[in-house]
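Here's a casual walk through a structure, picking out a few spots that may catch a computational chemist's eye. Have a look at it first, then read on.

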Amino acid sequence: MHRVGSAGNNTNSTRPRKEKRLTYVLNDADDTKHCAGINCLAVLKSSVSDGRNYLFTGSRDGTLKRWSLGDDVASCCATFESHVDWVNDAVLVNDNTLVSCSSDTTLKTWNCLSDGTCTRTLRQHSDYVTCLAAAEKNSNIVASGGLGAEVFIWDIEAALTPLSKSSDTMEDDCANGINGSGNSLPITSLRTISSSNSISAHTNQSQGYVPIAAKGHKESVYALAMNDSGTLLVSGGTEKVVRVWDPRSGSKTMKLRGHTDNVRALLLDSTGRFCLSGSSDSMIRLWDLGQQRCLHSYAVHTDSVWALASTPTFSHVYSGGRDLSLYLTDLATRESLLLCTGEHPVLQLGLHDDNIWLATTDSSVHRWPAEGRNPQKVFQRGGSFLAGNLSFSRARVSLEGSTPVPVYKEPNFSIPGIPGIVQHEILNNRRHVLTKDTAGSVKLWEITRGVVVEDYGKVSFEEKKEQLFEMVSIPAWFTVDTRLGSLSVHLDTPQCFSAEMYSADLQIAGKPEDDKVNLARETLKGLLAHWLAKRKQRLGSQASVNGDVLSAKDISARSLTHSRIEVDGNAENDSMVYPPFEFSAISPPSIITEGSQGSPWRKKITDLDGTEDEKDFPWWCLDCVLNNRLPPRENTKCSFYLHPCEGSAVQILTQGKLSAPRILRIHKVVNYVIEKMVFDKPSDGANSDGTFAPGLAGGPLQNSVVGDGSFRSGLKPWTKLRPSIEILCNNQVLSPDMSLATVRAYVWKKPEDLVLNYRVVPSK
């Protein structure tokens, strides 16, 4: 597991962020499929009440999905969306509760047969939570481990019982408006812990439920396993040892040494006497916990072992890992068979009757024949080899060319995913992002609408990037990552409000062409349009009485503490969403953010119900969308000097250094020069700072000069013949459509104030 930044707000980040971030994740049109590797899976076999089999998958795309399984058919019937980073493991603790863990440092409980209802968020870990273990016959008990060298044992029934209003350990997602259903999961089906195996519930009225801590790990934990009754827990990680615990008290009972690299997978038999471990040293070891020693070691794989599953009788083990292969090994005879070889490393296994599901770094899930109820049937096919007991023995055999032949060539069923994005480039126009996915397809996304505008197919990413290059300079108002297999667009204040464009350049009909449009503000309005509509419905007549301002006192007080606040002048169109910022309702993006209370959350924009407020959203987002206010921004102006070209007979009167918006076009500077030439003399009261102000809607003469030396419009057109003027920079003639920012970035290329020159073009 790689240590990389979270897609959401990582509370453990070493780089402090002054304000909360808002991220939106662009989803594919087919939301029934995963778009990143599958880290975990769990099988729920049919019960009397339902009669269906279900497969649960947890992905690096941050979601879990429930698949209804039929005869060689699987349909996605629910997506569980709340985690803000990779889902690393998931376990079923009874017939209707799913527990998941994530790199967002949380565990979450779900009503597994619901439409995706998260019933509780459990917080105790300080770092990524990597693994879970459940007790088969004592379904209250779940253990969690992670990169913070922590192992916690949870009593799920106690954790789901609200003890007090405030809790540092857990949060009821339904209570803070982040869950749409508003219904907590009834927990009558959770069995209580028998008195002989009781775990004392560590409770505190002010903090709520606190899990038992199994203290002793010094480094990251990657694997956990528990026996059926929940009386024994084993853990492994980067310390290369297998630790054994009593989960009822969290006390250590023994430590087993033998592996020479990270322990990545663990299994316990139902009684808790025998333990299987898989390691990055490529070995599988069988331990007798009663004798506290290793009984056998099996050299089956040629690389790290990441996944283990055993037959119900613990006589055979299925193993997979980094070498892309799935093996079946008879623990008694040491016979091994290569069942299959795929294209991706195996991360987790799920035995389901006579088949086995493989979770890999691919977004698809494959089912292979396994003969789990009678594994000897596979060995009767021949092709087995004897597993050595030294880690280098398989590697040596492989080098000698005697690689075993897989028993099965193809899976007997697959649940396809969609290719994840692995490469991206933000284009200079700061509205388009070029991407390449795992299938090699190159696409162009418009991030202000969240849609693919061009699918180029399998072409060269670098060549397409060069073809799409534009010589324009727009501030970097957002950042992007593809950690979740899709585009995650991050907005941080105040940087996100630095980019503006003229409405004419965005082709917004019915809006004056010289109106400046703030890209982040309009994007936020587009993202929260559904939320605003829902909110207005909820407020109803109350909004018309009190004014449509969310917690106005709180937001205003908060805003005033941040020096000056700029109020956008286009308040009359405050709630209108312009076409370049309308997000798709077919594949709506998901928001990842956090407010003044609670923690990061994730939800589709169409699932927002209008109850979310400053506890859930960053205050600056609401201040922008509701109060039409933007934070102070820097570098919105560009200073420059305007001089005649050497030898030019044309002179105009300028007042030294000039200042104009960065997005001002060169043709406006041309107009300025012309007007300065054709007026007999400057009007009285000329402004010494030479400030440019972009014109409002006007007549043919867009930017006439008036007394203050600024641009205005609406004056009558000059009737005399207008001379043709060229503007140059560094002796290069500038295109009239270039902005001052573009000239500065691509032509001037110096930190000093920009110097422009003008000259009359000789008439032909």
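Which residues of helix α11 (residues 740–748) are buried? They are L740, A741, T742, V743, V747 and W748. Just past the end of α11, K749 takes a positive phi of about 55°. Keep in mind that this is a predicted model.

**Strand β50 and its partners**

Strand β50 covers residues 725–729, and 4 of its 5 residues are buried, so the rest of the structure largely encloses it. It pairs antiparallel with strand β52 (residues 754–760) through 4 bridges, and in that pairing E726 sits opposite R759. Strand β50 also has 2 bridges to strand β51 (residues 732–733), again running antiparallel. There, C729 stands opposite Q732. The hairpin of β50 and β51 has 2 residues between the strands, and N730 takes a positive phi near 50°.

**Aromatic pairs**

Scan the whole structure for aromatic pairs and you get 12. Here are two of them, with their geometry.

| Pair | Type | Centre to centre | Angle between planes |
|---|---|---|---|
| F80 and W110 | edge-to-face | 5.4 Å | 80° |
| W531 and F617 | edge-to-face | 5.4 Å | 70° |

The F80 and W110 pair bridges parts of the chain 30 residues apart, with F80 in strand β5 (residues 73–81) and W110 in strand β8 (residues 106–111). F80 counts as buried because its relative accessibility is 0%, and W110 is buried too, at 0%. Together with F56, these residues, F80 and W110, make up one aromatic cluster.

The W531 and F617 pair links residues 86 apart: W531 belongs to helix α6 (residues 529–539), while F617 is in the loop between β44 (601–604) and α9 (619–627). Both W531 and F617 are buried.

**Lysines over rings**

Two tyrosine rings have a lysine over the face. K464 lies over Y456, at 4.0 Å from the ring centre, and K668 lies over Y502, at 5.0 Å from the ring centre.

**Cysteines**

How many disulfides does the structure hold? The count is 0. Why does C294 not bond to C275? The sulfur of C275 is the closest cysteine sulfur to that of C294, but it is 9.9 Å away, too far for a bond; the cut-off for a disulfide is 2.5 Å. As for accessibility, C294 is partly exposed, with a relative accessible area of 25%, whereas C645 counts as buried, at 15% relative accessibility.

Technical notes. Residues numbered from 1 in each chain as written. Predicted model: local features only at pLDDT ≥ 70, side-chain atom pairs only at ≥ 80, totals over all residues. Heavy atoms only, no water. Buried < 20%, exposed > 50% of the residue type's maximum accessible area, 1.4 Å probe, protein only. Pairing = 2+ DSSP bridges. Phe/Tyr/Trp six-rings, centres within 6.5 Å; stacked < 30°, edge-to-face > 60°. Lys NZ or Arg CZ within 6 Å of the ring centre and 35° of its normal.
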